Amino acid sequence: MTEVIDAGSMRGVPPPSDVLLDVRNMRTTFKVMDGVVPAVDGISFSLKRGKTIGIVGESGSGKSVTALTIMRLLDIPPAQIDAASEVWFDGREILGLPIDQMRRIRGNDMAMIFQEPLTSLNPVFTVGDQIAEQVRTHKKVSKKAAWDRAIESLGLVGIPSPERRVTAYPHEMSGGMRQRVMIAMALSCEPKLLIADEPTTALDVTIQAQILELLKSIQQRTGSALMLITHDLGVVAEMVDDVVVMYAGEVVEHGSVEEVLVEPRDPYTMGLLESIPSVEKRGGRLSAIKGVVPSPFNLPPACRFEPRCPYAWELCRRVAPALNQVGTGGRHARCHLHTPDGATRLRPALDTHRVALSAGRLMSTDQG
Amino acid sequence: MAKYVARRLLQAIPVIIGISIVIYAILLSAPGGPLAKFANNPKVTNEQRAKFMAAWGLDQPIPVQYCRWMGFCDPNQPGVALLTKSGVPNFLPSGIGGGDNGMAHLSLGFSIDTGEDVGLLIGRAALPTLILAGTALIIWILLAVLLGVVAAVKRYSFFDQAATVFSYIGLAMPTFWLGIMLIILFGATLKWLPVSGMIDSRLSPPFGTGEYWAYFGKAPLTAMVDLLRHLILPVCTLVAVSIAGDSRFVRASMLEALGQDYVRTARAKGLSNRTVVFRHALRNALLPVVTNIALEIPFLFSGALVTESIFSWPGIGRLTLRTIQSFDYSVLMGILMIIAVLVVLANLLADVLYAVVDPRIKY
Amino acid sequence: MTESRVPAPGAAAQPDEIERVPDGPGADYEIDLRSLSQLELAWRKFRRHRLALIGLGLFAVIVVAAIVGPFLLPFTPVPPRPDQIVYTGRPPSLAHPFGETGGLQADVLMLVLNGARTSLFLGVTSMLIGVVIGTIVGAVAGYLGGFIDNLLMRIVDIMLSLPLLFVILVVARFFRDAKDNVWSIILVFGLLGWMGVSRLVRSLFLSIREREFIEAARAVGVSDRRIIFRHILPNALSPIVVAASLIIAGNIIGEAFISFLGFGINPSTPTWGNVLSNSLTFILQGNWWWPFFPGFAIILTVLAINFIGDGLRDAFDPRSRE
């Protein structure tokens, strides 16, 4: 995992060349009727070329807004990106780019797949038209060549008889097929970064597996980097190298996928893992993180997770924790447990978590 | 699709027949009628009135009159006479011995006021109305779409707010009031534009006559300019209110399209703003607009009614008003039936157009 | 089955911290359910709409003028004068703020105020008639469905195919010569204006009927009539109210239309429409104030109603944010 860059000291300096995407101190706010909402409140992470990263969080955690900010697809009047935020892509800072240059990157070097395949395709144009359009926008090729590329892309995503399907309209296809078309469209110009925002949430479980398989194989084949946004920990486990966990607009934990999912170090992540229902936990109460996600207008004054945290103490209500280093690798967690003040509480907390996770297993042995 | 159209046309027939019955019944069942023009004239004797009624068949019961109007009853015989004198059913073509009256033979009868063939009468009034309504339709569509799209794209800008004010006021304004104000402003005060008729009688013969076309052939440019000058105010009056309403509709439709997911996808593809707005969003936004406009075409005719009256435009509108005042049943029935058919066709057109532009619709 | 209980956390944490809902700063955000009644919610949203408030104010002014005005400036038929064919009237002045008409030289302001009373009364009453009929028809069709629904909607379709022209026709045919035909015109507009409302109500009923709470009511055994009036109608009320406001405006303009063509209310009762109609005679001689002020009054009234209607629509729309 890349070192977390102390965003403040590296302003204006491009990251090393093997880092494709470097998000520094991203802060995006929305002006709404009742005030200003900080949807993304100072997050930083980076992604190396050809690697995969998963952004995990509940609805409202700010993960989609992160992606939209990177792609600069937000409407700027209601949305506002803080001047101190920087996003470096392929050696260039893109938040400050003039919009027409950004358009040359979008769909070309950086592509995005959205959550709702049923409404994300234009209903009045054929599938082939929409793919070819993207190709023609970014590459100077003839109509025929673009059309062929469309057929080719459809084939790459596993659509049978692509040369026939290419003249179909979106409403003539199922949800899974449409999502494949979206992926085909995103890949048509061979992007260096593919952002997938909850690509399977709206699909049936069996189709989900297929689409994820597809994404994985494509990513491996083309060598593009993949940023996968999801709320589903299971998906993340299968697909990515590194994980960033978001809560209420902040990064609360990141590390490699093995580290974060097997040995989480932030109470929120722990809670998430504990609440996964599993076959082994039969008969017990479903455990959930108590409380609800805070309203953005009424964020807790210090640690945002404190009201729901089983390990919180009065320090957590006074001082907001920083993203503290955990151990010696590139792991970080936003929790006081990893500071000297929390040192004595760390072990017991981890023990509690371990017990909660394995409670089901004890149970099943009891049942016999 | 062809089957759908055929089916709709067949379904329309009973509706149209139903409408004709209703209209006919209402027209004839109230007191008064074509005799009203003799009401205050003491020189017309009762005998003459009776002869008049008999000559026009107005003394027959209403169902009989209707039957004759439809062409199933022979008007030359009293009562319900389904067979002609030669024993052939009346609705068959006259060549075979059937009658020559009524809808079955495509005849609308004769005007009680002037005796002219109703079809010819209406036909003569049709061209001016077509010119007026046709020009109005084109301008209406172009301006409504243009205004609506620009207002949506430049949302909240000064243009948008001005357009919104304009639409609000336009929707609140009776069309004829606008016409009157325009006449006062451009006709009486500024004297820039003519305010009545289709042509300047000092320059050219009355419109539509043989002499007029001869004149047109000799001096086409002058004639066209004259015609256009006379068209301006009536067309403005006719379309102002419609544009006001429709531009808001276009704006709303456009805004809705711009908020759709596929627009976000289009932007994510890196397409230029112009492509996103005019190719992706507009195409979808126009779907409901197209049907809306098709459905509003019949309203052009009621608008023409008033406009033709204010500007003395010799079209169907003015004809209608005249015949309503004198209760000239034949002409009135003819006009109303034509309008009813047009309304039905306009509805059908709206549905067909919808299927044509939206690939999701299949009949 | 033994209930599994997560053992208490480590020594430092207090045992009951897991169970109770946490206290202290920031706790309020968890429960933010100050529920407002639907009406209160709607009023709050309406209040935010500046145009709607302007419309409301404007409409209030107009109504007051319509009620009070005719007392201050009663409608007095003016005696005929010898030069009435050529007298073109006098422009606005201090004595006659809206000017004087040509012909019989009546005060235009007086005509406008008196006309306001008739026109508004006509607009509102005919709307009520139309809305009541339309709601009943639509409710029955929407709720019962099937054959009745089909039959009623066919009738609606046929009636809708008859253009405005037809309205004029009917009026001309039956009522033109009546001395006092205000109620006749009201009836005509009411009886010919219910179709739109019936379609609206029908589709509302069709969609609400399928909602779960109706199924629940039926499962419990609530009678059909009670379901229609106590359960479905209150939910359908808001779009009906919005539509009703627009119908008032439409009827006012409609009355002006047919009066203008000479088929409307007898001039012995002034309305904005027939005042406008009479004003045509002298416009080419430059008398602009006679047609202008009644027309302007119509515009202001309809504008006000449209603004209110827009505000109402936004206020009742569950999707627009609080």
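What pLDDT does chain C average, and what share of the residues score at least 70? The average is 74, and 76% of the residues in chain C score at least 70. Keep in mind as you read that this is a predicted model, and that its scores are ipTM 0.84 and pTM 0.78.

**Confidence along chain C**

The confidence is not even along chain C, so a short table may help you find your way around. It lists the two helices at either end of the confidence range.

| Helix of chain C | Residues | Mean pLDDT | Place in chain C |
|---|---|---|---|
| Helix 3 | residues 108-144 | 87 | highest |
| Helix 5 | residues 164-175 | 65 | lowest |

One more stretch deserves a look: over residues 1-35 of chain C, the pLDDT is below 50. Even there, the model shows 39 contacts beyond near neighbours in sequence.

**How chain C is built**

If you trace chain C on the screen, you will meet 11 helices and zero strands. Reading from the N terminus, the order of elements is therefore α-α-α-α-α-α-α-α-α-α-α. Chain C has 322 residues, and 41% of them count as buried. Its contacts also reach across the sequence: of those between residues at least 6 apart, 72% join residues at least 24 apart.

**A residue to zoom in on: C:Asn274**

Where does C:Asn274 sit? C:Asn274 belongs to helix 10 of chain C, which covers residues 272-279. Is C:Asn274 buried or exposed? C:Asn274 counts as buried because 27 C-beta neighbours lie inside 10 Å, and the cut-off for a buried residue is 20 or more. Leaving aside residues up to four places away in sequence, C:Asn274 touches C:Ser259, C:Gly264, C:Ile265 and C:Pro267. For a sense of scale, try picking C:Asn150 as well: C:Asn274 and C:Asn150 are 124 residues apart in sequence, and their C-alpha atoms are 40 Å apart in space.

**Where chain A meets chain B**

Now turn to the other two chains. Here 21 residues of chain A are in contact with 18 residues of chain B. On the chain A side, helix 2 (99-105) and helix 3 (127-138) each supply at least two of the touching residues. The largest share, three residues, comes from helix 3 of chain A. Sorted by class, the side of chain A that touches chain B holds eight nonpolar, nine polar and four charged residues.

Terms used: Residues are numbered from 1 along each chain as its sequence is written. Chains are lettered from A and ligands numbered from 1 in the order in which they are written. This is a predicted model: local features need pLDDT of at least 70, side-chain atom pairs count only at pLDDT 80 or more; totals for chains, interfaces and linings use all residues. Two residues are in contact if their C-beta atoms, placed from the backbone, lie within 7 Å. Helices (H or I, at least four residues) and strands (E, at least two) are DSSP runs, numbered from the N terminus. Ala, Val, Leu, Ile, Met, Phe, Trp, Tyr, Cys and Pro count as nonpolar, Asp, Glu, Lys and Arg as charged, and the others, Gly among them, as polar. A residue is buried if 20 or more other C-beta atoms lie within 10 Å of its own, exposed if 12 or fewer, and partly exposed in between; C-beta atoms are placed from the backbone. pLDDT is the predictor's confidence in each residue, from 0 to 100.
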